[in-house]
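Student: I should like to go through the terms used for this model and see what justifies each of them. May I put my questions one by one?

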Amino acid sequence: MARLRVRLVVTADDFGYCPRRDEGIVEAFLAGAVTSVSLLVNGSAAESAAELARRHQIPTGLHANLSEGRPVGPARHGASSLIGSEGFFLGKMGFRRAVAAGEVILAQVREELEAQLSRFRELLGRDPTHVDGHQHVHVLPGVCRVFAEALQACGVRFTRLPLERGVDGCAWLEAPARAFAGAVEQDARAAIGPFVHHGLRWTDVFVGLSTCGRNMSTHRVLEALTRALEGTPTGQAVSAELMAHPGYPSVPPLGGCGEGPDAFSCSSDRLHELRVLTAPALRAQLARDGVQLCTLEDLDRKRPREEAPSKAARETLLEPSPP
């Protein structure tokens, strides 16, 4: 890694989920450990999070949410394929099952995405720097095409491709986490075509599935980056994204997207990530390895606006993950 020119975007997800979460995210940003955030516009603290983003000039994207809490668009007023009988989204796995069964009406997905983009503009007064998906819903079959169309229509160019090399070999991951990461990888590979077709861009490599919550450590973050960059020609400039979830634990009933905070948010996992990210060890080693923290806007300024993901980059992403 030391012989590569690596620019790393560290994105804190779930901004706006809860005031305590947001407190930790802002702390990490001000410490220089996080470079951008993804905002849940249906989060219970979305308005105060938007104010924090404006006050501290935090590069902010949209964390498109189709799986947790209440919708923002027309679905909140009545029957929709996106919501259950209680008026909430179908859940992390429930939404996936509905998509797989062909029960989700993609026109309603488009309406909800457009409503969330509109809500983002109301809160921040500008377009998002990027749009990714809460629980990676944006790469699901069918959804990814509608997602790419919506972003192209509103002029947003950056997204996330949650495709991390070598997750199958991460023995510390419990079986459900490894299975979920494998499903996300399969969906992400299939989403490349629609994303490219609609002019979307993403960083050359992605890490974070193997370092989520209590699984994050300085060693594992560096190891994940090394795996992701393996085979890259010496001296080549490479962009990378580290997905992170720092923050202080939620204290019910505060937090969530209308249903209260989930177990992950109330656990110490978020605080653990905050401590790893802000500790001197990780940033010192990244600096020694020549890794420069940056924003997506920094990457955009360094590349022609017409440039689509390169054929070489696409071929690298399409290679099977090493065992």
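Student: How do you know that the reach of helix H5 (residues 143-154) is close to the expected one?

Tutor: This is a predicted model, in which local features need pLDDT of at least 70 and side-chain atom pairs count only at pLDDT 80 or more, while totals for chains, interfaces and linings use all residues. Residues are numbered from 1 along each chain as its sequence is written, and side-chain values use heavy atoms, with hydrogens and water left out. Helices (H or I, at least four residues) and strands (E, at least two) are DSSP runs, numbered from the N terminus. The expected span of a helix is 1.5 Å times one less than its number of residues. H5 has twelve residues, with 16 Å expected, and reaches 17 Å from its first C-alpha to its last, which is close.

Student: What makes the length of H4 agree with its expected span?

Tutor: The 19 residues of H4 should span 27 Å at 1.5 Å a residue, and the end C-alpha atoms are 27 Å apart; therefore the two values agree.

Student: Why is Ala-224 called buried or exposed?

Tutor: Buried means under 20% relative accessible area, exposed over 50%, and partly exposed in between, with a 1.4 Å probe and protein chains only. Ala-224 has a relative accessible area of 1%, so this residue is buried. Ala-224 lies in helix H7 (residues 218-229).

Student: Why does Ile-192 of helix H6 count as buried?

Tutor: The relative accessibility of Ile-192 is 5%, and therefore Ile-192 counts as buried.

Student: Which residues does Ala-224 touch, leaving aside residues up to four places away in sequence?

Tutor: Contact means heavy atoms within 4.5 Å. On that basis Ala-224 touches Glu-164, Val-207 and Ser-210. The C-alpha atoms of Ala-224 and Gly-208 are separated by 8.0 Å, with the two residues 16 residues apart along the chain.

Student: Which other residues of H7 are buried, and what do they pack against?

Tutor: Besides Ala-224, the buried residues of H7 are Val-221, Leu-222, Leu-225, Arg-227, Ala-228 and Leu-229. The buried residues of H7 pack against strand E1 (5-15), strand E5 (205-207), strand E6 (237-244) and H10.

Student: Why is H7 called roughly parallel to H10?

Tutor: Axes are lines fitted to C-alpha atoms, for helices over the stretch in contact, and angles run from 0 to 180 degrees between N-to-C directions. Angles under 35 degrees count as roughly parallel, over 145 as roughly antiparallel, 65 to 115 as roughly perpendicular and the rest as oblique. The axes of H7 and helix H10 (residues 280-288) come within 9 Å and cross at roughly 30 degrees. H7 is therefore roughly parallel to H10.

Student: Which residues form this contact, and how many of them are nonpolar, polar or charged?

Tutor: Thr-218, Val-221, Leu-222 and Leu-225 in H7 meet Ala-281, Leu-282, Gln-285 and Leu-286 in H10. The contact has six nonpolar, two polar and no charged residues. Ala, Val, Leu, Ile, Met, Phe, Trp, Tyr, Cys and Pro count as nonpolar, Asp, Glu, Lys and Arg as charged, and the others, Gly among them, as polar.

Student: What covers the buried residues of H5?

Tutor: The cover includes helix H3 (92-100), helix H4 (106-124), strand E4 (131-133) and helix H6 (175-197). Among the buried residues of H5 are Val-143, Phe-147 and Leu-151.

Student: Which residue just after H4 takes a positive phi?

Tutor: Gly-125 does, with a phi of about 75 degrees. Just after H5, Gly-155 takes a positive phi of about 85 degrees, and H7 is followed by Gly-231, whose positive phi is near 90 degrees.
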